[in-house]
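With the model open in your viewer, please follow the stops below in order, making each selection before reading what is there.

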Amino acid sequence: MPVSAFRLPTSSTSDARLIANRVLITLLCAGWLSAWLLSFATLSPNRLAAGQAVMLRDAASEWQFAVMLVLTGLLTVAAFKRPLPRALAHAVVLLASLGLLLVTLYSLGDYAQRALADTSSAARISQGAAFWVIVFCCALAAIDTFQRTASGWLLRLGYMLIAGGSVAMLFASGHFHDLSIMREYANIRDDFADQLITHLVLVGAALGPALLIGIPLGLLAHRHMRLRGALFSVLNFFQTIPSIALFALLIAPLSALGNAFPLLGEWGIKGIGAAPAIIALVMYALLPVVRNTYAGLKGVPPATVEAARGMGMTARQVLWRVEIPLALPVMLSGLRIVTVQAIGLTVVAALIGAGGLGAFIFQGLGQYAIDLVLLGAIPTIVLAVIADFTLQMLVVLSKPAGTRR
Amino acid sequence: MSIGALTHPPSSRRFLLIAHSALLIALVLGMEQLAPMFRALFPDQDPAMYQRESFLNLTLAHLALVLLSSLISVSVGVAAGLFVTRPAGREFEPLVSTLAAIGQTFPPAAVLAIVVPIAGFGFVPTLVALVLYGLLPVVQNTVAGLGTVPSQTLEAARGNGMSTWQILWHIELPLAMRVIIAGVRVSVIINIGTATIGSTVGATTLGTPIIAGLVGNNLPYVIQGAILVGLLAIVTDLAFERLERRFSFGEEGNAA
Amino acid sequence: MIELQGLTKCYGDTRVVDDISLTVEQGEFCVLIGPSGCGKSTTLKMINRLIAHSGGKVLVGGDDVTTLPPERLRRRIGYAIQSIGLFPHWRVADNIATVPRLLKWPASRIAERVDELLALFQLDTDGLHDKYPHQLSGGQAQRVGVARALAADPDVLLMDEPFGAVDPLTRDALQVELSRVHRQTGKTIVFVTHDMDEALRLASRVALLNGGQLVQYDRPAELLVAPANDFVRDFIGRADLGLKLLSRRRVEEYSRAAQRTRNNALASASITWQVDADDRPMALLGGRLGEPDTARTVVTPEWTATPDMSMKEALSRMVWFRVTALPVLDSEGRLLGEVTMSGVMGHRP
């Protein structure tokens, strides 16, 4: 019996319900409650002093607040069973939540411009908790709608590009120029670009060797059963050790190596910096790469491989023409796990002097400069989410046409 | 695919667990005895042994942080997982699952950093970050574990006259337990690591000597902290592996 | 021609194939059959060296298979297994073209050959050429599998339970089709199955294996009438041995001259057919069990026979319609003769 049979009672009761979308109602309540109770922005006299809370009603101008009211009104109507038909309601949710996101962002920037026009230039305006909650709820409403409509990835990609593009345009126009975090950014603009590149280079430098070593190891694990147990034990061991401990434990042997062979030291093989970071990242990356290569190959039906051999393919032809194409999606989801993981672990690598966006986080924590912390943390999260989304697309596209269902 | 299925047979894993536990306890209690060794290895470091706090205290503080956060994560996470798999909460299931999946792409260190503006410095922000991050694998695996219970099994249970609660307690939870524990394992292991970084926001953990060593350029401190926290993670992982095995009913975990 | 000479396969101390010797002549359809674990699949796979043999010899077309590199050998021998063996990431045409591509045929020749095979297997309809295996029905997938095995025009075709995973109706159709292709192409086929009906239907020779040993290698009819021992008799199925035999016999072998009359009058014989002016049977006079010899039964198409019908089916019709004789008709419906219950009993197998 299909699973759906057990879900029937739910859907039949939902027919009788007035509210069609309880998720949306929950999100709307959360949004309004936060706007009512939490600060939308904080106004502080200087970079490090504590601020004073500003509520949404006071921060937003008349027209901005009116637009927010209209959009949330639309969303509320869309959450009910009547009068909007389902398809229209979904479209309304997608458009209204994007609109609400943009007007929220706009009014924050606008408030900063107006408020700073008549105070000292040292004053700072930061985003408050309510701002984050509203932005978060908008994103969740859109994600939930995409899942309800089971829409294809092309529509999702389009929506994400439009949303990302409009937010990027707001940033590019200098609208947020007076926000505290953007002022902080202006101070470190060149350094930021450098660290972002360092971050990406570290991730790339770790992924290359991880794939070069990991894929053959996965192949070996698939071919030789005896090797498998020991190999996975060792790799799981690496993965279990906390990142900072692994980074730290590599410092001693590498500095000894750098001291013993000065030439190596000149090449950058020394205790702190990029060398231990990359080695540790590779050690972490090996388990997912090897495991997914192995799982992908194991997933190829034995009968398919036997047919290929029976047709007269050589071992190499079987590997390249049959096994690897069929295992590719699983192997790529391994790459996705590893990439996202490496972006996150590189943050910690800043502690051993490897640089990257983590440098801002730890520098900011040391100086109690919250904006600096966020300048490190938010781009890292965005980077990880983008990498995850892109590689997920690649996994879908890599499925051979014949096996994509 | 669980790693347990791919690694060594249970007997040798049990030996590994006992050996590593013994080593961990010995080092926590007797690290000071190794002072001469560290002095010999790092003659120009003075002091060559972290002494601002005993390693026992650091380990207990670390464990307290991880245990408390895991306790909260597991209770909230399993409850949330149960809610979204019951008829009343099923509408929230896709959103919660997606949230758990996207949330896990966030770097733990970044989550820790983002909590600081909200919760300040010290024990509390670290605890909040650990709870938030630890929730995700628990929720995800609870939903996945309950989803793997075959619908025929549920139908049989209903056909035999079991009530909804009896089905949940006697059928669904026991069958989902292995997957749920696998989620808790991931959550706890990540939290042991994140708690280490918690020392950068002022929590006292085994990361404290590591950070102190990195800042003060004192390699022995770094090694002492790193070895202990590495062992702690490995012992925990091995213990969870055994626990998982206990809850597998003729599945891969048992066969391997 | 395929020759197995004392072929043996050992795994450790167990002999899964034990000293098998048999010859499959050119154009023969040889079926290897036996209970699970009897070594039939292993024997088949030793012919194209998917499994290496531990003793004895395999000759294909007179050449010892070990003298060729295994890949070259396999490209000369067709190989078909259950539909799951199709490459899921390749279209039907690509799947069929597998071996010609390995042999580096020019593209135009490959395309030509693919079309030829699609036509041979009646797959040249509704864009099947560009479909992926998962879009095919079970029967279509099997035919693609066999077409793929024939692509490079090998003299020998090895088939390992190719119809194991399809429903009985499709299986019937596939068997008819394979028989036709065998007749049309004259290939030498070695076919593994565990289904005795399939074996009797397809084989020109059956090799019955048990515990790795060859128990009997004979024509299907011989196997039925002269089983070598009790194992053979059990395996064929003692209960319906007679019916199995009849399924190999055709009505024309049992047909005899019929007594005709143009009116209602009963002739001298107990079974008489009343025919019309065109010699088409209209009614059976007598010949009904439990009724007087004078009973008149109107002939309906359901209880007539044709010369190429199997005797099993003819007998079944007699039983079902409770008559002791069936009229044997030609394609125009004219009376050729009759088959009778007593004729079935009287005929020596």
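## A tour from an interface to single residues

Begin with chains C and A shown together, keeping in mind that this is a predicted model. Across the interface of chain C and chain A the rule finds one salt bridge. To see that salt bridge, select Lys45(C) and Glu306(A), whose side chains meet at 3.0 Å, taken from N to O. Six residue pairs in polar contact, both members at pLDDT 80 or more, are also found across the interface of chain C and chain A. Next colour α2 (70-76), β6 (77-80) and α4 (98-102) of chain C, since each of these elements supplies at least two residues of the side of chain C that touches chain A. The residues on that side of chain C divide into 12 nonpolar, five polar and five charged.

Now widen the selection to everything that takes part in this interface: 22 residues of chain C are in contact with 24 residues of chain A. The size of an interface is often given as the accessible area lost when the parts come together. Between chain C and chain A the buried area is about 2,000 Å², and carbon and sulfur atoms give 66% of it.

**Inside chain A**

Hide the other chains and colour chain A by its two parts, domain 1 (14-178) and domain 2 (186-403). The C-alpha centres of domain 1 and domain 2 of chain A lie 35 Å apart. Where do these domains touch, and how many residues of each are in contact? Eight residues of domain 1 of chain A are in contact with 11 residues of domain 2 of chain A. Together domain 1 and domain 2 of chain A bury about 780 Å² between them, with 68% of it on carbon and sulfur atoms. If you look for salt bridges between domain 1 and domain 2 of chain A, the count is zero, and the count of residue pairs in polar contact (both at pLDDT 80 or more) between domain 1 and domain 2 of chain A is likewise zero.

To find the touching side of domain 1 of chain A, select β3 (124-127) and α7 (153-172) of chain A, each of which supplies at least two residues of the side that touches domain 2 of chain A. Of the elements there, α7(A) gives the most, with three residues. The residues of this side of domain 1 of chain A divide into five nonpolar, one polar and two charged.

Stay with chain A and go to helix α14 (residues 315-349), where Glu323(A) has its place. Is Glu323(A) buried or exposed? Glu323(A) is buried, because its relative accessible area is 4%, under the 20% limit for a buried residue. Show what surrounds the residue: leaving out residues up to four places away in sequence, Glu323(A) touches His222(A), Arg223(A), Leu297(A), Val300(A), Val305(A) and Val318(A).

**Inside chain C**

Move to chain C, which is divided into domain 1 (2-244) and domain 2 (252-346). The centres of domain 1 and domain 2 of chain C, taken over C-alpha atoms, are separated by 41 Å.

Select helix α11 (residues 241-248) of chain C, in which Lys244(C), Leu245(C) and Leu246(C) are buried. Then add the elements that cover the buried residues of α11(C), which include α8 (196-202), α9 (220-225), α10 (230-236), α12 (251-254), α13 (311-321) and α14 (341-346) of chain C.

From there, go to helix α7 (residues 168-185) of chain C and pick out His182(C). His182(C) counts as buried, because its relative accessibility is 14%. Apart from neighbours within four places in sequence, His182(C) is in contact with Gly27(C), Glu28(C), Phe29(C), Lys187(C) and Ile189(C). Draw a distance from His182(C) to Glu28(C): these residues are 154 residues apart in sequence and 9.0 Å apart in space, C-alpha to C-alpha.

**Chain B**

For the last stop, show chain B alone, where there are 11 helices and zero strands. The C-alpha atoms of chain B fill a box of roughly 75 × 45 × 25 Å, taken along the principal axes. Colouring by burial, you will find that buried residues make up 54% of the 256 residues in chain B. Of the contacts in chain B with a separation of 6 or more, 76% are between residues 24 or more positions apart.

Terms used:
Residues numbered from 1 in each chain as written. Chains lettered and ligands numbered in written order. Predicted model: local features only at pLDDT ≥ 70, side-chain atom pairs only at ≥ 80, totals over all residues. Heavy atoms only, no water. Contact = heavy atoms within 4.5 Å. Buried area = accessible area lost by both parts, 1.4 Å probe. Salt bridge = Lys/Arg side-chain N within 4 Å of Asp/Glu carboxyl O. Polar contact = N/O pair within 3.5 Å; in protein donor to acceptor, adjacent residues only side chain to side chain. Helix = DSSP H or I, 4+ residues; strand = E, 2+ residues; numbered from the N terminus. Nonpolar A, V, L, I, M, F, W, Y, C, P; charged D, E, K, R; others polar. Domains from an automatic or database assignment. Buried < 20%, exposed > 50% of the residue type's maximum accessible area, 1.4 Å probe, protein only.
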